[in-house]
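Me: I'm new to reading structures, and the vocabulary puzzles me. Could you go through some of the terms with me?

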Amino acid sequence: MHKTAFIWTDEYYNYSFPGYHPFKSLRESMTKRLLEERSAFHFITLIEPKPISEEVLQLVHSKEYIEFVKYKSKEGQGYLDDGDTPAFKGIYEAALIRISGSVKALELIKGGEFNHAINIGGGFHHAKRNRAAGFCVFNDVALIAKLGENSFSKIAIVDIDGHHADGTQELLIDDDKVLKISLHMFHPNFFPGSGDVNEIGVGKGEGYTINIPLPPGTGDDGYLLAFDEIVIPVIERYKPELIILITGGDSYFNDPLVELKLSTHGYLDVVTKVHHLAHKYSSGRLIMLGGGGYNYDATARIWTISIAEIAGIYDLEYETLHDPFSTKSSQFVMEKIRSTIDRIKKIHSFN
């Protein structure tokens, strides 16, 4: 069993958009309940985060944008972006505490008391320096990567959310201390419209951004093929000192916003491989964040199964959370995936 921290406060429930908006904190509450029902917190340590300062937040966001969010938070109406991220009263504080949870996870890893830290309340990879995007107000992924550079010379981000990690990419575009890997659905007119293979970073960060765009209909077999052919050799070559894993549940086969086809088995295979890579190259240092996921039941099951793997809890009670099947890609989809893999290998010059 591994020394694992689970970052939690009931204040996470406050980050939940009103009305028919798909982003609800129900995912987090369902995950915590599933863990509690299986006595997971006998093996995992609950840690409560405290709000970080605005000065820390300014590592990745402008002061003007932070003030704008505070203003809209008091006003409680309108949007923080072009229409995806509505303002509500208290949204500044609600967003800040979730980002603070990811900072706390990093602090625990840096302190050496824990080798794994989990913040399912984090994973807001769309937020940019000066604006919100895709339900994300502040970008905790880029923030903890930047903060982590004070302690680690090589950090790897592996993002398996169904949407491209565009905000993280933009904020770290020229950073050569952070390897940024994003596996996501890529299709014309699909949000956020970025994440093709030719987006590889700029300046000294060139080559440190690796995008793996996947076609709609990608099942467990095609997803794992891309992961095994690209992510594993890249991580093995890079040898990071810390891995940050964004485990968005919206790559699931019946998520309402994404058309990828991962099952719980596909998710577990990926998380298990990342976990093993962390122990092989990063002395076990692994931070797991949440992300998207709009089939709430599936996302809660995915996160619970993933947390059990990371914490080293091997119990038959977690088997009941799995789907009864794995998923497969069509021949047409597999051909597209293989073509994408070949393009990535050529662009990044590895076999």
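**Asking what the words mean**

Me: Glutamate 149 touches Ile155, Asp175, Lys177 and Val178, leaving out residues up to four places away in sequence. What makes each of these a contact?

Reply: Contact means heavy atoms within 4.5 Å, so Ile155, Asp175, Lys177 and Val178 each meet that limit with glutamate 149. Please keep in mind that this is a predicted model, where local features need pLDDT of at least 70, side-chain atom pairs count only at pLDDT 80 or more, and totals for chains, interfaces and linings use all residues. Residues are numbered from 1 along each chain as its sequence is written, and side-chain values use heavy atoms, with hydrogens and water left out.

Me: Why is glutamate 149 said to have no salt bridge?

Reply: A salt bridge needs a side-chain nitrogen of Lys or Arg within 4 Å of a carboxyl oxygen of Asp or Glu. For glutamate 149, the nearest side chain of opposite charge (Lys and Arg count as positive, Asp and Glu as negative; His and the chain ends are not counted) is lysine 146, 4.1 Å away. That value misses the cut-off, so no salt bridge is counted.

Me: How do you know that arginine 98 and glutamate 28 do form one?

Reply: Their closest N and O atoms are 2.9 Å apart, so this pair passes the test. It links distant parts of the chain, with arginine 98 in helix H4 (residues 91-111) and glutamate 28 in helix H1, 70 residues apart. The structure holds 18 salt bridges.

Me: What makes lysine 32 buried?

Reply: Buried means under 20% relative accessible area, exposed over 50%, and partly exposed in between (1.4 Å probe, protein chains only). Lysine 32 has 13%, so it counts as buried. This residue lies in helix H1 (residues 26-37) and is in contact with Trp8 and Phe41, leaving aside neighbours within four places in sequence.

Me: Is glutamate 75 buried or partly exposed, and why?

Reply: Glutamate 75 has 28%, so it is partly exposed. Its salt-bridge partner is lysine 72, at 2.8 Å from N to O, and lysine 72 is buried at 11%.

Me: Why are H7 and H8 called roughly parallel?

Reply: Their axes (lines fitted to C-alpha atoms over the stretch in contact, with angles from 0 to 180 degrees between N-to-C directions) cross at roughly 10° and come within 10 Å. Angles under 35 degrees count as roughly parallel, so H7 and H8 qualify.

Me: How do you know that H9 is largely enclosed?

Reply: Of its 16 residues, 14 are buried, so the rest of the structure largely encloses H9.

Note on methods
Helix = DSSP H or I, 4+ residues; strand = E, 2+ residues; numbered from the N terminus. Parallel < 35°, antiparallel > 145°, perpendicular 65-115°, else oblique.
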